[in-house]
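Visitor: Please take one part of this model and look at it closely. Then set that part in the context of the rest of the chain.

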Amino acid sequence: TFSMQRTIWNVPLSGNSRRVVSQAPRADLTSATLNYVNLGFSNLSNADLMRSSLVSSYLGFANLVDANLTNTNLTGAILTGADLSGANLTGANLSKAVFNFSKNLTKEQLESAYLCDTELPAFISLNPDRDCEILKQR
């Protein structure tokens, strides 16, 4: 459980896991550590997640319209069905991230992100292992 300036509440799921539901269209989560967090179906439109860590987090069907994901670590994150219209992915680590059925994701958004073993939607014609060597050196 965590708090922010805007309204966020937790809805218990099974066991010790939590589902975080957000109504924070301008949330400032810069440099936040949100690894292994369930943010599925969250409204994170216009959110600033720059330099945040979302390793292995679930962002399925999240609203990430115009979100700032610059230099964000999304290694192993699940973004199935997420709306990424206008999201800034510059410098984002998308290794092992899953984008199946994501909405409004463009090749241009991914050109400045790091890809390695990334599951891209069928309509994106980029090499999903393009940056594996670069990421090994980081």
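Guide: Glu133 and Lys136 form a salt bridge, with their closest N and O atoms 3.4 Å apart. The model is a predicted one, and the distances and angles given here are computed from it. Glu133 and Lys136 belong to helix 2, which covers residues 132-137. The two residues are 3 positions apart in that helix, or about one turn. Lys136 has a relative accessibility of 63%, so Lys136 counts as exposed.

How many salt bridges does the structure hold? The number is 2. Besides the pair in helix 2, Arg130 and Asp131 meet through their side chains, at 2.9 Å from N to O. The partners of this bridge can be described by their accessibility. Arg130 has a relative accessible area of 30% and is therefore partly exposed. Asp131, at 8%, falls under the 20% limit and so counts as buried. As a general point, side chains of opposite charge can pair when their charged atoms come close.

From here the account can move to a charge placed over a ring. Arg138 lies over the face of Tyr114, at 4.6 Å from the centre of the ring. Tyr114 appears again in the surroundings of Asn93, a residue of the loop between strand 2 and helix 1. Apart from residues up to four places away in sequence, Asn93 touches Thr72, Asn73, Leu74, Thr75, Tyr114 and Leu135. Asn93 has a relative accessible area of 14%, so Asn93 is buried. Among these contacts, Leu135 falls within the residue range of helix 2.

Next to Asn93 in sequence is Leu94. With sequence neighbours up to four places away left out, Leu94 touches Leu74, Phe99, Leu110, Ala113, Tyr114, Leu115, Cys116 and Thr118. Tyr114 and Leu74 are thus contacts of Asn93 and of Leu94. Leu94 is one of the residues with the most contacts inside the largest nonpolar core, together with Leu64, Leu79 and Leu110. That core has 33 residues. In soluble globular proteins, nonpolar side chains tend to be buried together.

Ala97 is found in the loop between strand 2 and helix 1. Its relative accessible area is 0%, so Ala97 is buried. The C-alpha atoms of Ala97 and Gly76 are separated by 4.4 Å, although these residues are 21 places apart along the chain. Gly76 is one of the contacts of Ala97; the others beyond four places in sequence are Leu74, Ala77, Leu79, Asp117, Thr118 and Glu119. Leu74 and Thr118 are named in the contacts of Leu94 as well as in those of Ala97.

The same interval of the chain holds the aromatic pair. The structure has 1 such pair. The ring centres of Phe41 and Phe61 are 5.3 Å apart and the planes meet at 15 degrees, so the pair is stacked. Phe41 and Phe61 are 20 residues apart, each in the loop between strand 2 (18-22) and helix 1 (107-110), and the pair links distant parts of the chain. Phe61 is partly exposed, because its relative accessibility is 41%.

Two backbone details remain, each in the loop between strand 2 and helix 1. Ser56, placed in this loop, has a positive phi of about 55 degrees although it is not a glycine. Asn104, placed there too, has a positive phi near 60 degrees and is likewise a residue other than glycine. Ser56 has a relative accessibility of 33% and so counts as partly exposed. Asn104, with 46%, therefore counts as partly exposed as well.

As for the chain overall, the protein has 2 helices and 2 strands, running β-β-α-α from the N terminus. Of its 138 residues, 48% count as buried. Among contacts between residues at least 6 apart in sequence, 3% join residues at least 24 apart. The protein exposes about 7,100 Å², of which carbon and sulfur atoms supply 48%.

Key
Residues are numbered from 1 along each chain as its sequence is written. This is a predicted model: local features need pLDDT of at least 70, side-chain atom pairs count only at pLDDT 80 or more; totals for chains, interfaces and linings use all residues. Side-chain values use heavy atoms; hydrogens and water are left out. A nonpolar core is a set of buried Ala, Val, Leu, Ile, Met, Phe, Trp, Tyr and Cys residues joined through side-chain atoms within 4.5 Å. Buried means under 20% relative accessible area, exposed over 50%, partly exposed in between (1.4 Å probe, protein chains only). Contact means heavy atoms within 4.5 Å. Rings of Phe, Tyr and Trp (its six-membered ring) pair if their centres lie within 6.5 Å; planes under 30 degrees apart count as stacked, over 60 as edge-to-face and the rest as tilted. Helices (H or I, at least four residues) and strands (E, at least two) are DSSP runs, numbered from the N terminus. A charge sits over a ring if NZ of Lys or CZ of Arg is within 6 Å of the ring centre and within 35 degrees of the ring normal. A salt bridge is a side-chain nitrogen of Lys or Arg within 4 Å of a carboxyl oxygen of Asp or Glu. Accessible areas come from the Shrake-Rupley method with a 1.4 Å probe; for residues, only the protein chains shown count as cover.
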